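Got your viewer open? Let's take a short walk through some charged side chains and see who pairs with whom.

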Amino acid sequence: MEHYTMNLTLKVWKQKNKNEKGRFETYPVKGISSEMSFLEMFDVLNEQLVAEGKEPIAFDHDCREGICGACSMYINGRAHGPWHNTTTCQLHMRQYKDGDTIVVEPWRANSFPVIKDLVVDRSSFDRIIQAGGYISVNTGNAVDANSLPIEKQKADESFAAAACIGCGACVAACPNASAMLFVSAKVSHLALLPQGDPERKTRAVNMVEQMDKEGFGSCTNIGACEAECPKGISLENIARLNREYIGSVFSGSSDKA
Amino acid sequence: MNWKNAFSTSIGKKLQMSLTGLFLILFLIVHCYINAQIFYNDGGVRFTEAAHFMGTNFVIRTIELGLFAFLILHVVQGLLLWAKNRARRGTRYAVSAGNQTSRWYSRSMALLGTLVLLFLILHLSKFWGPNRLSQTTGHGELDLFTMMRDEFQVTWIVIVYILGCIALGWHLLHGFYSAFQTLGLGTSKYKGLLKGIGVAFSIIVPIIFALMPISFYMGWIS
Ligand code: SF4
Ligand code: FES
């Protein structure tokens with residue numbers, strides 16, 4: 001495709017801090033290359049704002065290669081923008097044409113309070129992991145990688161679930177602001193492996209209890225999370241989480257870890 | 001985790017919705033089968049026989065109590081979840097994804113369910129209510145077949161019944177598969193099969209139900 005430049009109008013959410021009420025600000029941006037990433041477009045805008053003596057827009061980013069999950073932006077009604085299986089940093093400006101207006105909002109969920117502008121606090125995810133997203137390993141020499149036989153299919157499924165980067169797009173996209181896809185990915189990648197077995201009976205229950213405590217909504221199987229997840233985490237993981245949950249309720253030996 | 005709070009977490013409530021929903025689906029199957037007896041067009045002989053059994057058998061009448069309990073649980077829990085989940089978003093998005101990432105009926109289960117409930121109240125007040133009242137006051141069973149024939153001559157009633165069936169169909173289109181997904185059966189192995197059965201069920205059963213008032217209205221059944 002031909003390289004081209006464009007002028008855009010950006011409507012971006014500005015919010016001073018957690019407690020202040022936010023509002024939309026409109027910014028014209030000029031001379032954006034179709035080769036730029038969406039975040040590079042924001043860099044251009046921020047440089048322009050700094051040059052004008054204004055405050056730049058705060059947004060989260062880190063790896064800029066689609067693996068860290070930091071770049072949370074809700075773009076024209078879509079988590080990470082309109083591209084499938086893509087984070088904001090991997091969304092490119094060739095998606096847009098000259099004269100477009102783009103509305104950018106932060107993730108919106110009570111459990112992800114806005115810290116500033118587009119930056120939200122996702123530490124609720126960390127606390128869910130702390131509640132059960134771990135395994136017990138003894139210290140000492142590293143065990144030979146091949147000492148534990150694992151079925152190829154299970155290894156693959158576990159790997160696919162482990163691809164979750166904790167970005168929170170599932171919560172942002174879910175009409176209920178539910179974190180089930182995230183939690184299911186974190187439960188699944190451990191539940192499928194023998195290393196995850198010791199805590200198996202308590203993991204799902206503890207993580208689900210923490211998820212509820214953090215104030216996420218409950219899953220009604222709408223599926224917007226799967227449609228928006230940049231890592232293609234499947235709803236089958238939610239089915240597995242449900243099975244793990246039911247399993248630990250029925251197994252009887254499910255005292256708190 | 002014990003039994004008591006197993007059903008009170010978010011997944012626990014989902015299980016409540018799933019299990020009560022599946023029971024209501026079972027009820028739909030039985031109800032549909034019994035009422036479909038009118039299509040024999042035998043002046044209601046077979047239908048009346050089946051309705052008599054359902055209305056007087058002790059076991060069935062006991063299950064009926066359970067059915068109402070489950071129905072109420074399904075409605076109350078569903079509405080509570082809807083209100084809670086709505087509040088979890090906090091500030092609403094200025095631009096939302098709409099149908100790009102999910103189906104409208106999956107997002108509208110509370111609305112569709114409320115429509116089905118309103119229809120159900122009308123429906124019960126027309127047939128089940130008067131019949132049980134007559135039974136408990138010692139006047140015996142009513143002639144439900146004749147009542148159907150009379151009620152379904154009224155245009156607005158037939159229209160409301162058709163709308164009720166449409167709302168039920170959309171509700172089931174999400175609910176049927178969703179119930180199994182909640183039980184953990186949405187795996188690559190069963191997903192396709194369950195979705196297929198769900199779609200077929202959500203279309204066929206409401207159509208059979210809707211054909212009942214339509215058939216009387218059009219005079220196909222006498
Ligand atoms: S499940 Fe997908 S959308 Fe949710 S946090 Fe993980 S990677 Fe992000
Ligand atoms: S910045 Fe790391 S995934 Fe986008």
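**Stop one: D197 and R200**

Start by selecting D197(A), which is partly exposed at 43% relative accessible area (partly exposed sits between buried, under 20%, and exposed, over 50%, using a 1.4 Å probe and protein chains only). Now add R200(A), also partly exposed, at 30%. Their side chains meet in a salt bridge, 3.7 Å from N to O; the term means a side-chain nitrogen of Lys or Arg within 4 Å of a carboxyl oxygen of Asp or Glu.

A quick note: this is a predicted model, where local features need pLDDT of at least 70 and side-chain atom pairs 80 or more, while totals for chains, interfaces and linings use all residues. Residues count from 1 along each chain as written, chains are lettered from A and ligands numbered from 1 in written order, and side-chain values use heavy atoms, without hydrogens or water.

**Stop two: R64 and D43**

Next, pick R64(A) and D43(A), joined by a salt bridge of 2.8 Å, N to O. R64(A) lies in the loop between α1 (38–51) and β3 (74–75) and D43(A) in helix α1, so the pair ties together parts 21 residues apart in sequence (helices are DSSP runs of H or I, at least four residues; strands are E, at least two; both are numbered from the N terminus).

**Stop three: D60 and R122**

Is R122(A) buried or exposed? Select it: it is buried, at 12%. Its salt-bridge partner is D60(A), with the closest N and O atoms 3.2 Å apart.
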